[in-house]
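Visitor: I am new to this structure and should be grateful for a close look at the site around its ligand. Please then continue to some of the surrounding parts.

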Amino acid sequence: MDSPDVGELTPPNRTLMGPGPSDVHPRVLRAMTTPLVGHLDPSFLDIMDEVQELLRYTFRTDNTWTIPVSGTGSASMEAAYGNLVEPGDTVLVPTNGYFGGRKAEMAERAGGDVVTVDAPWGEPLRPEDVAAAFDEHQPDVFGFVHAETSTGALQPDVPELTAIAHEHDAYVIADVVTSLGGVELRVDEWDIDVAYSAAQKCLSAPPGASPLTLNDRAMNKILDRDQSPRSWYLDLSLLEGYWGDDRSYHHTAPITSVYALREALRLVAEEGIENRWERHRETAGAIKAGVEGMGLELNPEDDYWLPSLNAVRVPAGVTDGEVIDYLLSEYDIEIAGGLGDLSGDIFRIGCMGHSCRPDNVAFLMTAFADALETLGADVDADAGIAAMRDVL
Ligand SMILES: *Cc1c(COP(=O)(O)O)cnc(C)c1O
């Protein structure tokens with residue numbers, strides 16, 4: 001049999017302004033070429049400690065139980081649901097975006113009974129609706145999405161939501177995949193029991209090692225389980241052996257992904273987490289001003305605008321797909337369209353981590369204006385560029 005004919009690996013050089021992954025910082029790319037050591041090597045144990053400390057800083061938490069889960073954000077999400085939810089638990093999940101549906105699926109597979117709290121796609125949950133759902137269903141676990149990447153809506157009032165859950169002795173799992181490292185998030189101050197994230201959104205590391213943090217209250221529920229979780233790989237009581245004090249083998253850590261995450265988190269610490277939140281607000285603010293200046297609308301109301309994911313309504317005269325294709329083929333820029341209830345209605349323009357820079361925004365807005373004009377939308381490109389420049 002002839003050997004397969006394979007060439008050099010040369011993917012196109014894109015600018016990533018979609019819902020993730022985001023552009024990876026050159027320092028993170030360099031860290032990925034660091035030679036491997038064993039996952040139990042004393043030097044790697046020090047790196048594990050550093051990553052945990054940097055994750056605590058980024059999550060704004062003192063939780064001992066703060067680790068990178070092997071796998072993408074969904075692995076971290078499944079670790080949260082698969083461990084905290086026990087068979088027979090009632091789990092309250094939202095229906096206002098794509099990722100609420102995934103939570104329902106994971107909670108069900110963990111043996112939970114799923115109930116929902118509703119809001120339209122593109123709007124956050126209202127605390128009064130969450131309170132009503134608690135009175136009606138008395139859930140044991142409540143999951144919500146802080147930054148809904150499918151709709152571009154930020155969930156405000158997080159401390160209010162966690163207070164409602166705790167008055168009912170329930171546990172709160174927050175999806176902070178598109179907020180960690182980009183949008184204000186305070187795990188301890190906001191009284192979040194479990195939060196999970198991913199590397200490739202506002203942290204701008206490649207997907208592969210995904211942040212997870214749990215407070216003692218949540219970890220105690222997990223350690224007291226009658227039955228083991230259904231996943232062996234993601235069983236936190238076993239992972240404790242590796243990330244906890246014992247440092248014993250469970251599975252081989254994705255060493256290169258941990259190097260990458262460490263460097264990405266070092267960049268967060270060097271910048272300062274609050275400065276980083278501010279940078280995302282300011283830089284993405286130029287996208288917001290630019291599209292509004294052109295005569296387009298953002299889908300969410302200003303009170304729950306999500307800087308890391310700007311949902312822009314598709315104007316008359318063009319389809320989302322042709323604009324997305326134009327940006328990719330003419331400019332090598334990636335943005336995305338809507339999902340689910342918002343399919344065909346919005347563009348999703350990310351502004352995350354290392355992608356969230358003035359030069360990227362200027363490039364994107366110039367290209368976006370060209371695409372819309374060329375394809376026949378009625379927009380005022382010059383006014384949009386001027387509004388963007390004012391902010392930048
Ligand atoms: C991207 C994303 C996930 C899933 O992460 P993967 O890395 O794709 O597995 C979960 N929740 C939200 C809000 C996301 O944006």
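Guide: Let us begin at the ligand, where one of its oxygen atoms is 3.2 Å from an N or O atom in the side chain of threonine 178. The protein covers 89% of the 380 Å² of accessible area that the ligand has on its own, areas being computed by the Shrake-Rupley method with a 1.4 Å probe, and for residues only the protein chains shown count as cover. This is a predicted model, in which local features need pLDDT of at least 70 and side-chain atom pairs count only at pLDDT 80 or more, while totals for chains, interfaces and linings use all residues. Residues are numbered from 1 along each chain as its sequence is written, and side-chain values use heavy atoms, with hydrogens and water left out.

Two further side chains approach the ligand with polar atoms. For threonine 149, such an atom lies 2.3 Å from an oxygen atom of the ligand. For aspartate 175, the partner is a nitrogen atom of the ligand, at 2.8 Å. The elements that give two or more residues to the surrounding shell are α3 (73-84) and α4 (98-109); helices (H or I, at least four residues) and strands (E, at least two) are DSSP runs, numbered from the N terminus.

The residues around the ligand, each with a heavy atom within 4 Å of it, include Thr72, Gly73, Ser74, Phe99, Arg102, Gln200 and Lys201. By class, this shell has three nonpolar, six polar and three charged residues. Here Ala, Val, Leu, Ile, Met, Phe, Trp, Tyr, Cys and Pro count as nonpolar, Asp, Glu, Lys and Arg as charged, and the others, Gly among them, as polar.

Helix α3 also contains serine 76. Serine 76 counts as buried because its relative accessibility is 0%, where buried means under 20% relative accessible area, exposed over 50%, and partly exposed in between (1.4 Å probe, protein chains only). Leaving aside neighbours within four places in sequence, serine 76 is in contact (heavy atoms within 4.5 Å) with Val69, Tyr196, Ser197, Ser210, Pro211 and Leu212.

Helix α2 comes next. Its 18 residues, 42-59, reach 26 Å from the first C-alpha to the last, close to the 26 Å expected at 1.5 Å a residue; the expected span is 1.5 Å times one less than the number of residues. Among the buried residues of α2 are Phe44, Leu45, Ile47, Met48 and Phe59. The buried residues of this helix pack against several elements, including β2 (65-70), β10 (209-214) and α10 (273-294). Just after α2, arginine 60 takes a positive phi of about 60°.

Both Phe59 and Arg60 are in contact with valine 187, as are Thr61, Asn63, Ile192, Ala195 and Thr213, leaving aside neighbours of valine 187 within four places in sequence. Valine 187 lies in the loop between β8 (171-175) and β9. With a relative accessible area of 1%, valine 187 is buried.

Finally, aspartate 23 is placed in the loop between β1 (15-16) and α1 (26-31). Aspartate 23 is buried, at a relative accessible area of 12%. Its C-alpha atom is separated by 8.8 Å from that of cysteine 356, although the two are 333 residues apart along the chain. The side chain of aspartate 23 makes a polar contact with the side chain of asparagine 360 (3.4 Å). A polar contact is a pair of N or O atoms within 3.5 Å; within protein, one must be able to donate a hydrogen and the other to accept it, and residues adjacent in sequence count only if both atoms are side-chain atoms.
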